[in-house]
Amino acid sequence: PKLQETVELSARFLDNVVDANKYVPAVGDIEEAAHRARRIGLGIMGLGDLMFRAGIRYGSPEAEEFSAQVMEFVRFHAMRTSIERSRERGPFSAIEGSIYDPESLQWRPPTPLSPYTYDFGRPSLDWSRIVDGIRSYGIRNAAQTTVAPTGTIATVSGCEAYGCEPAFALTYVRHFKDGDEDVELTYTSPLFMQALEQAGLDEAARDGIVGQVSATGSCQDIDAVPEDIRRVFVVANDITAGEHVRMQAAIQAFVDNSISKTINFPQDATPEEVGRAYQLAWRLGAKGLTVYVTGSREKVVLETNNTKSSKGVEGYGPYADGVVPRKPRPMVLEGTTYRTPTPLGTAYITGFKWALERGYLYICEMDADFSHNP
């Protein structure tokens, strides 16, 4: 299959990158650590696009299993390629005493959170081949898979969904900087438009739907959209926090590094609801979690028209007319300055007591003497 070919090629390429990298000469430990473990981070992007095309609702039990089966396939062939690479060039140098040590193999094949019940036509996988391969040849890479955000490269590649995320919205405004100029671009999902056209809706009807969708980015409350399209074309804010977490956990079962995944919450989310999401992620074995509450940041790359127009509404978060008031600070600030060595010289970091008392994480000034290492 094409996906298998891509995984094999990518795993070999990323292993070569470990050797080809130009490491920072001043920090030799980085190069040493990279070569000792030879970690690679093969991942996926456009999973949400694939679900749009396959007619699977992101966040559903079917989607959890679909994601798990895709990621298991990637992990299996990444490991198989890494074993073949180890047979050719040798295992990672720190393999002795690790979970992959052929003399006392502790690694066990990954398993899904729940037994598979759907047949998506995926080829079967024999994990005993991986176990036997490690015992015979070791493995080239101490870690093989991850899921990165892929925001920019997904956009450049024409994907509507980044990494393992659902689509952010079916229509939205993208912000970017062109020199000193702030630029806004309006985006509409080509796959959504294609689905509407295939459903037999004429151009006028499609334009009317897009006009309605542009407010929230979602088609869920628009009666003119056929029910089967509404079922499949869900976006980030249509999916519950629990569904987001379970999707991440289903994929994490076959990812040995961490995953970039955002758990979206509505504007009125409570601390208790956020806490429950973290607890569920921990119970299901996720290695990390990112939470985003709608409207909680003043500046974002992507936003719907409703979020954009709500700036300035009391209690929403952002400010009227896009102007952020300067936070007043005292004439004299009391703080502590720390002197610390860095690979490029001595750094002096000042933390202000005034800032810390107000809950600011990082309010500091830095001055460094790099005269001996320009």
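# Exercises on a predicted model

Let's start at Thr 186, which sits in strand 2 (residues 181-188). Keep in mind that you're working with a predicted model.

## Exercise 1: Two threonines

Work out whether Thr 186 is buried or exposed, then do the same for Thr 145.

**Solution.** Take Thr 186 to begin with. Its relative accessible area is 69%. The cut-off for exposed is over 50%, so Thr 186 counts as exposed. Next, look at who touches it: leaving aside neighbours within four places in sequence, Thr 186 is in contact with Tyr 172 and Val 173. For a distance check, go to Ser 214: the C-alpha atoms of Thr 186 and Ser 214 are 9.2 Å apart, with their positions 28 residues apart in sequence.

Now Thr 145. You'll find it in the loop between helix 5 (127-137) and helix 6 (151-157). Its relative accessibility is 0%, so Thr 145 counts as buried. Again leaving out neighbours within four places in sequence, the contacts of Thr 145 include Ile 40, Gly 41 and Leu 42, then Met 71, Arg 75 and Ala 78, and also Phe 254, Val 255, Asp 256 and Asn 257.

## Exercise 2: A helix pair

Describe how helix 4 and helix 10 pack: what are the angle and the distance between their axes?

**Solution.** Two numbers do most of the job here, since packed helices are described by the angle between their axes and the distance between those axes. For helix 4 and helix 10, the angle is about 25 degrees and the axes are 8 Å apart. Angles under 35 degrees count as roughly parallel, so that's the label for helix 4 and helix 10. The crossing of helix 4 past helix 10 is right-handed.

Then list the residues that meet. Helix 4 brings Ala 63, Glu 64, Ser 67, Ala 68 and Met 71, while helix 10 brings Arg 246, Met 247, Ala 250 and Ile 251.

One charged pair deserves a closer look. The side chains of Glu 64 and Arg 246 form a salt bridge at 3.8 Å, N to O. Glu 64 is in helix 4 (residues 61-89) and Arg 246 in helix 10 (residues 241-252), so this pair ties together parts 182 residues apart in sequence. Arg 246 is partly exposed, at 34% relative accessibility.

## Exercise 3: More salt bridges

How many salt bridges are there, and which residues share partners in one network?

**Solution.** Side chains of opposite charge can pair when their charged atoms come close. The count here comes to 13 salt bridges.

Start with Arg 38 and Asp 19, whose side chains meet at 2.9 Å, N to O, in a salt bridge. Arg 38 is in the loop between helix 2 (28-37) and helix 3 (47-54), Asp 19 is in helix 1 (residues 2-20), and the two are 19 residues apart. Arg 38 is buried at 5% relative accessibility, whereas Asp 19, at 40%, is partly exposed.

Move on to Glu 165 and Lys 261, another salt bridge, with 2.9 Å from N to O. Glu 165 lies in the loop between helix 6 and strand 1 (171-178), and Lys 261 in the loop between helix 10 and strand 3 (262-265), so the pair ties together parts 96 residues apart in sequence. Glu 165 and Lys 261 are both buried.

Finally, the network: salt bridges with shared partners join Asp 15, Asp 19, Arg 38, Arg 85 and Arg 140.

Methods: Residues are numbered from 1 along each chain as its sequence is written. This is a predicted model: local features need pLDDT of at least 70, side-chain atom pairs count only at pLDDT 80 or more; totals for chains, interfaces and linings use all residues. Side-chain values use heavy atoms; hydrogens and water are left out. Helices (H or I, at least four residues) and strands (E, at least two) are DSSP runs, numbered from the N terminus. Buried means under 20% relative accessible area, exposed over 50%, partly exposed in between (1.4 Å probe, protein chains only). Contact means heavy atoms within 4.5 Å. A salt bridge is a side-chain nitrogen of Lys or Arg within 4 Å of a carboxyl oxygen of Asp or Glu. Axes are lines fitted to C-alpha atoms, for helices over the stretch in contact, and angles run from 0 to 180 degrees between N-to-C directions. Angles under 35 degrees count as roughly parallel, over 145 as roughly antiparallel, 65 to 115 as roughly perpendicular and the rest as oblique. A crossing is left-handed if the near helix is turned anticlockwise from the far one by less than a right angle, and right-handed if clockwise.
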